[in-house]
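Student: I have a model open and want to learn how to read its features. Can we go through them one by one?

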Amino acid sequence: MENYRAIFFMLSSLVCFVGKQASAAQHAVGGSQGWDESTDFSSWASAQKFKVGDQLVFKYSSGLHSVVELGSESAYKSCDLGSSLDSMSTGNDVVKLGKPGTRFFACGTAGHCGQGMKVKITVDSGSAASTPASPSTSSSSSSSSSSSDAVQSVVGSMALLAGVLSLSLLMPQLV
């Protein structure tokens, strides 16, 4: 009987973990255009719902652009890159949205922020799956990839769960 309680606890923990993983989304900043001067980041961001646990993915040509997180709205509005909280330049930068609130990002390349290469992200609390507020071409790639990732995560976890159940059924015969 003790074995069954331990197995039940493990399975319950796994289900909770899978649920949390399935609810997080990855948002490709700028959608299919990516982190680029030609992208309308204001429109893109307003079509998204960002939740705690989601991730922003900045994809761009390394050396041509960078990502700078700014500490305030005034720094964001004036493109004051001197007050940055963080700077990234890999071309595939991932930022986890760990708490509710507003975050500000800009390109660190001279002149790009002033030309509109900046984005303001408002993160809501909650654990519901993140989805775009309305379907659009630029946001569909990010939401479909996160849905696919969530399905793969659930399928993999269900396979693991089936294996654990099979093992637990064999345990009394082995002992």
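Student: Start with strand pairing. Which residue is the bridge partner of valine 57 in S6?

Tutor: Look across from one strand to the next. This is a predicted model. In it, valine 57 has valine 94 of S6 as its bridge partner. That pair belongs to a ladder of 5 bridges between S3 and strand S6, residues 92-96, and the two strands run antiparallel.

Student: Which way do S1 and S3 run, parallel or antiparallel?

Tutor: Parallel: strand S1 (residues 26-28) is joined to strand S3 (residues 55-59) by 3 bridges. Glutamine 26 faces glutamine 55 of S3.

Student: How many helices and strands does the protein have?

Tutor: Count the elements, then read their order. There are 4 helices and 8 strands. From the N terminus the order is α-β-α-β-β-β-α-β-β-β-β-α. Then ask how far apart in sequence the contacting residues are. Of the contacts with a separation of 6 or more, 73% are between residues 24 or more positions apart.

Student: Now the interior. Which residues of the largest nonpolar core touch the most other members?

Tutor: Val29, Trp35, Leu56, Phe58, Phe105, Val119 and Ile121, out of 19 residues in that core. Helix H2 (41-46), S3 and strand S8 (118-124) each contribute at least two residues to this core. Another core, of 7 residues, lies apart from it, and includes Leu70, Phe104, Ala106 and Cys113.

Student: What does leucine 56 touch, leaving aside neighbours within four places in sequence?

Tutor: Its contacts are His27, Val29, Phe50, Asp93, Val94, Val95, Leu97, Phe105 and Ile121. For the whole protein, 35% of the 175 residues count as buried. The exposed area is about 9,800 Å², with 59% of it from carbon and sulfur atoms.

Student: Is leucine 85 buried or exposed?

Tutor: Judge by the relative accessible area, not by residue type. Leucine 85 sits in strand S5, residues 84-88. It counts as exposed because its relative accessible area is 60%, and the cut-off is over 50%. Beyond four places in sequence, leucine 85 touches Glu69, Leu70 and Gly71. Its C-alpha atom is 9.6 Å from that of serine 72, 13 residues apart along the chain.

Student: And glutamate 69: buried or exposed?

Tutor: Buried, because its relative accessibility is 9% and the cut-off is under 20%. Glutamate 69 is in strand S4, residues 67-70. For a buried charged side chain, look for a partner. Here the side chain of glutamate 69 makes a polar contact with the side chain of arginine 103, at 2.7 Å. Leaving aside neighbours within four places, glutamate 69 contacts Ser84, Leu85, Asp86, Arg103, Phe104 and Phe105.

Student: Last, the cysteines. Which two form a disulfide?

Tutor: Check the sulfur distance, then the twist. The structure has 1 disulfide. Cysteine 79 and cysteine 113 form it, with sulfur atoms 2.1 Å apart. The link is left-handed, at -80° about the S-S bond. It ties distant parts of the chain, 34 residues apart: cysteine 79 is in the loop between helix H3 (73-78) and S5, and cysteine 113 in the loop between strand S7 (101-106) and S8. Cysteine 79 is partly exposed at 21% relative accessible area, whereas cysteine 113 is buried at 4%.

Student: Where does that leave cysteine 107?

Tutor: Cysteine 107 is in no disulfide. The nearest cysteine sulfur, that of cysteine 113, is 8.3 Å away, and the cut-off for a disulfide is within 2.5 Å. Cysteine 107 is buried, at 0% relative accessible area.

Technical notes:
Residues numbered from 1 in each chain as written. Predicted model: local features only at pLDDT ≥ 70, side-chain atom pairs only at ≥ 80, totals over all residues. Heavy atoms only, no water. Pairing = 2+ DSSP bridges. Buried < 20%, exposed > 50% of the residue type's maximum accessible area, 1.4 Å probe, protein only. Contact = heavy atoms within 4.5 Å. Polar contact = N/O pair within 3.5 Å; in protein donor to acceptor, adjacent residues only side chain to side chain. Core = buried A, V, L, I, M, F, W, Y, C linked by side-chain atoms within 4.5 Å. Areas by Shrake-Rupley, 256 points an atom, 1.4 Å probe, with all protein chains shown as cover.
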